[in-house]
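Work through the exercises below with the sequence and the 3D model at hand. Each task is followed by a solution in steps.

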Amino acid sequence: MMKHKNLFLGLLGGLMLFSACRPVALPTPVSTIAPAPTVTEISPEPTSTPAAPPSPPPSPATLEASPAATTMQSACPALQTGPQETILQQGSLLFEEVGTPAKLWAFTAGHQSPNTVFSFEGGFASLDSEGRRVAFMELREEKALAIYDLQTGEKSLWPWAEEWKAVSRWTRDGRVKLWVSYERQGSIGETSVFALFDPSNGTVITVKEELDLPGYTFESNNPWGGYVSLNGAGNLAVYTAWAISGALEFEVILRDISKGTDLWRYAGGKPFAGPAAWSPDDSKVAFALVSESENHTRIVSLTSDGRNLSELTHFPPTDLVDILSWSLDGKYLLVSLFEGPQGGPSFVLNTLTGEIREVCDPKVTFYRARWVSVAGRNLLVYLVYRQDETGELRLLDVDSWQAEVLSTVNIPYQIDMLGWTPVEFP
């Protein structure tokens, strides 16, 4: 599982819920060549390095001693197999099968086989927040940025700029974010450059995102390494750093990067593993704290002002929390642990009640997952992994703790989930 970790981490993210559409027949794709994008302009840096030096960090935080053990329900979700009992009652789930050619799959309510919407030479597909348009890099004709309308089947092609590396995602205001460059620097931290493309008028704005993290150089000759997790507004960052040589230790810092001040800091006695996860509304952030003295791994949450630290649950000691992911309403938290080459257990934690249940499967190993929300229900789509490098898709209704086999065919593990769309495919 370790060799797929980077791909796994890139899958997680949020989708917004929209009303369902009536089923539509698959139209014949129509390609239109759009004019070249307008001249790029440089926008102000949204998170530029502050002129004033950051204030001294607060004293390291502490937590009360945890109870002896955390009770976990061991019952696996009830597994359904028939389309008459389908959990997905409206719309479709979209996936990209990575390959040559790449394919866009749709799993529609009431069906147990994927429908290939279209294939393309390229990759890096992304679904917009309304679930109606897909952006991807197209290589079949001339290299282009393609935008496909799922309802009409129309595909628009825009000339691909030389500096663009890949499609990153759609923004909430309907622009396509394209990755240009990424760099870790000395006393700066991380610097990313993106192009924001507006398909409504063809304009492009280049944006630089610079995270100021004095004291951690990220360089190979420096004993500190780490992750940076930025909130949705782009003004707060949680930095998790650990020593990779010398004494085993780590720190977690919550920084207001718009002001250059540290709101909260924690120092521990063992390397931290994995990035932090912001809740969808940016009100709190979750991360793992490993304690050698207490012999367990804590999952804790911290409010965005750095004032309220609380333990959500804890596990037997583990060196790696593979992923933390919030449900779209912030009620649940998915926690996946890494315990060896074949991965480890995954759990769903109710952050309101403290109840925790294992997302297990009677035949295969849990591999990766993503949250969606349909008609107010919290659904978890996950892939179970087989030794022959194929898998099967499951859909779990977390509230009822019922799971469904989405597909009866073997699914290659080289798939990316794009999200839920209100469009249904026959």
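**Exercise 1. Place S129 in the chain and say whether S129 is buried, partly exposed or exposed.**

Solution. Step 1: S129 belongs to the loop that joins β7 and β8; strands are DSSP runs of E with at least two residues, helices are runs of H or I with at least four, and both are numbered from the N terminus. Step 2: the relative accessible area of S129 is 23%, so S129 is partly exposed. The cut-offs are under 20% for buried and over 50% for exposed, with partly exposed in between (1.4 Å probe, protein chains only). Step 3: R172 lies 43 residues from S129 along the chain, and their C-alpha atoms are separated by 6.2 Å.

Two notes apply throughout. This is a predicted model, in which local features need pLDDT of at least 70 and side-chain atom pairs count only at pLDDT 80 or more, while totals for chains, interfaces and linings use all residues. Residues are numbered from 1 along each chain as its sequence is written, and side-chain values use heavy atoms, with hydrogens and water left out.

**Exercise 2. Find out where the model has low confidence.**

Solution. Step 1: take the average pLDDT (the predictor's confidence in each residue, from 0 to 100), which is 75 for the chain. A score of at least 70 is reached by 67% of the residues. Step 2: look for stretches under 50. One covers residues 1–33, with 88 contacts beyond four places in sequence; a contact means heavy atoms within 4.5 Å. Another covers residues 36–55, with 42 such contacts.

**Exercise 3. Describe the chain as a whole.**

Solution. Step 1: the secondary structure comes to one helix and 32 strands. Step 2: of the 426 residues, 54% are buried. Step 3: among contacts with a separation of 6 or more, 48% are between residues 24 or more positions apart. Step 4: the exposed area is about 18600 Å², of which carbon and sulfur atoms supply 51%; the areas come from the Shrake-Rupley method with a 1.4 Å probe, and for residues only the protein chains shown count as cover.

**Exercise 4. Which residues have the most contacts inside the largest nonpolar core?**

Solution. Step 1: a nonpolar core is a set of buried Ala, Val, Leu, Ile, Met, Phe, Trp, Tyr and Cys residues joined through side-chain atoms within 4.5 Å. Step 2: the largest has 19 residues, and L94, V134, F136 and L150 have the most contacts inside it. Step 3: two or more residues each come from β5 (102–108), β6 (115–120), β7 (122–127), β8 (133–138) and β9 (144–149). Step 4: a second, separate core has 18 residues, including F107, L393, L406 and I415.

**Exercise 5. Follow F136 to its neighbours and to an aromatic cluster.**

Solution. Step 1: beyond four places in sequence, the contacts of F136 include F118, F120, L145, Y148 and V167. Step 2: F118, F120, F136 and Y148 form one aromatic cluster.

**Exercise 6. Why is the pair of W264 and Y266 called stacked?**

Solution. Step 1: aromatic rings of Phe, Tyr and Trp (its six-membered ring) pair if their centres lie within 6.5 Å; planes under 30 degrees apart count as stacked, over 60 as edge-to-face and the rest as tilted. The structure holds twelve such pairs. Step 2: the ring centres of W264 and Y266 are 6.1 Å apart and the planes are at 15°, so the pair is stacked. Step 3: W264 is buried at 6% relative accessibility, and Y266 is buried at 12%.

**Exercise 7. Locate W401 and list some of its contacts.**

Solution. Step 1: W401 sits in the loop between β29 (390–397) and β30 (402–405). Step 2: with 8% relative accessibility, W401 counts as buried. Step 3: beyond four places in sequence, W401 touches, among others, C76, P77, A78, R357 and L396. Step 4: A78 is 323 residues from W401 in sequence, yet the C-alpha atoms are 6.8 Å apart.

**Exercise 8. Examine the backbone at P101, F124 and D282.**

Solution. Step 1: the peptide bond from T100 to P101 is cis, with omega near 0°, and P101 lies in the loop between β4 (92–97) and β5. Step 2: F124, in strand β7, has a positive phi near 60° and is partly exposed at 46%. Step 3: D282, in the loop between β19 (277–278) and β20 (284–291), has a positive phi near 65° and is buried at 18%.
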